[in-house]
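Hi everyone, thanks for making time. I'd like to walk you through one structure today, so let's put it up on the screen.

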Amino acid sequence: KIIAKAEELALTGGNVLDRHFTLSEKIVIYYRERETSPEAMEKAVQACREQVAMAPEAAKAFLKEYPWQALPAHAGYRQLRIILEKQGKYDEAFGLAESFTFIAPPYWQWTAEELEQKSPFEKERHRIFLKDNPEFQKLLKDLIAISQKIGDTEKEAFYSTALTRFP
């Protein structure tokens with residue numbers, strides 16, 4: 001009942017961040033109950049998928065409201081990736097993880113040579129992004145680990161190189 005009321009309030013308010021964080025709580029609650037409630041795992045996965053689907057919109061809203069803060073951890077992504085890996089669905093887990101690299105600003109991909117061509121403002125944004133985004137570093141580590149599991153050495157090398165750019 002509490003989850004249903006929270007969802008109702010988040011939906012009627014129209015704030016994408018309220019909906020996003022309500023889904024985070026729903027994921028935690030249902031995943032915790034997966035062993036004792038037959039429908040809990042399905043509801044957790046559904047909430048994860050809903051939150052993942054709205055991630056670009058939520059990221060945009062978050063960065064608009066908090067322009068100098070790093071994006072917070074994404075419960076739906078992390079939990080769904082874990083579930084998919086436990087189910088042996090490595091290709092789907094990799095696709096999910098990789099989709100989150102497209103939400104992030106491109107700073108993490110810039111090589112030293114590309115960085116030299118950027119304005120002082122862009123260089124500062126690059127520095128802040130690398131310094132203040134431990135969750136993105138975890139994402140890169142996830143991509144490396146899944147790449148190893150599916151045997152994609154090219155992707156593993158790409159994401160390993162990107163990870164070396166972080167302090």
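**A charged network, and what surrounds it**

Let me start with the charges: a network of salt bridges links Arg-78, Arg-81, Glu-85, Asp-142 and Lys-149. Before going further, please keep in mind that this is a predicted model.

Now, the general layout. The protein has 10 helices and zero strands, and the C-alpha trace spans about 55 × 40 × 20 Å along its principal axes. There are 167 residues, with 39% of them buried. If you look at contacts between residues at least 6 apart in sequence, 64% of them join residues at least 24 apart.

Let's turn to helix 5, which runs over residues 75–86. Does its length fit what we expect, or where would it deviate? At 1.5 Å a residue, the 12 residues of helix 5 should span 16 Å, and the end C-alpha atoms are 17 Å apart, so the two agree. Which of its residues are buried? They are Gly-76, Tyr-77, Gln-79, Leu-80, Arg-81, Ile-83, Leu-84 and Glu-85. Arg-81 and Glu-85 are two names you have already heard, as members of the salt-bridge network. The buried residues of helix 5 pack against helix 2, helix 3, helix 6 and helix 9. Just after helix 5 comes Gly-88, with a positive phi of about 75 degrees.

**Inside: the cavity**

Next, the empty space. How many cavities of 30 Å³ or more does a search of the whole structure find? The search finds one, and about 350 Å³ of space lies in this cavity. Its lining has 21 residues, and those closest to the centre are Leu-71, Pro-72, Ala-73, His-74 and Phe-100.

As for the helices, helix 2 (16–32), helix 4 (55–65), helix 5 (75–86) and helix 9 (134–150) each bring at least two residues to the cavity lining. Which of them gives the most? That would be helix 4, with four residues. By class, the cavity lining has 16 nonpolar residues, three polar and two charged.

**Open to the outside: the pocket**

Now over to the largest pocket, which has a volume of about 190 Å³. Thirteen residues line this pocket, and Leu-63, Gln-69, Arg-125, Phe-129 and Asn-133 are the ones nearest its centre. Helix 8, residues 120–131, provides the largest share of the pocket lining, with three residues. Nine of the lining residues are nonpolar, two are polar and two are charged.

**Pairs of charges**

Back to salt bridges for a moment. Side chains of opposite charge can pair when their charged atoms come close. How many salt bridges does the structure hold? The count is 11, and I'll pick out three pairs for you.

Staying with helix 8, Arg-127 forms a salt bridge with Glu-124, and the closest N and O atoms are 2.7 Å apart. Both residues lie in helix 8, three residues apart, which is about one turn of the helix. Arg-127 has a relative accessible area of 42%, so this residue is partly exposed. Glu-124, at 32%, is partly exposed as well.

The second pair is Lys-131 and Asp-132, whose side chains meet in a salt bridge at 3.1 Å, N to O. Is Lys-131 buried or exposed? With a relative accessible area of 51%, Lys-131 is exposed, because the cut-off is over 50%. Asp-132 counts as partly exposed, at 29% relative accessibility.

The third pair is Glu-35 with Arg-34, where the closest N and O atoms are 3.8 Å apart. Glu-35 is exposed, with a relative accessible area of 67%, whereas Arg-34 is partly exposed, at 28%.

**One loop residue before we stop**

Last stop: Gln-117. Where does Gln-117 lie? You'll find Gln-117 in the loop between helix 7 (112–116) and helix 8. Its relative accessibility is 67%, so Gln-117 counts as exposed. For a sense of distance, take Val-52: Gln-117 and Val-52 are 65 residues apart along the chain, and their C-alpha atoms are separated by 34 Å.

That's my tour. Thanks for listening, and I'm happy to go back to any part of it.

Key: Residues are numbered from 1 along each chain as its sequence is written. This is a predicted model: local features need pLDDT of at least 70, side-chain atom pairs count only at pLDDT 80 or more; totals for chains, interfaces and linings use all residues. Side-chain values use heavy atoms; hydrogens and water are left out. On a 1 Å grid over the protein atoms alone, a cavity is a set of points where a 1.4 Å probe fits but cannot get out, and a pocket is an open set with protein on both sides within 12 Å along at least five of seven lines; lining residues have an atom within 4 Å of a point. Grid points are joined across faces, edges and corners, and a volume is the space filled by probe spheres set on the points. Ala, Val, Leu, Ile, Met, Phe, Trp, Tyr, Cys and Pro count as nonpolar, Asp, Glu, Lys and Arg as charged, and the others, Gly among them, as polar. The expected span of a helix is 1.5 Å times one less than its number of residues. Buried means under 20% relative accessible area, exposed over 50%, partly exposed in between (1.4 Å probe, protein chains only). Contact means heavy atoms within 4.5 Å. A salt bridge is a side-chain nitrogen of Lys or Arg within 4 Å of a carboxyl oxygen of Asp or Glu.
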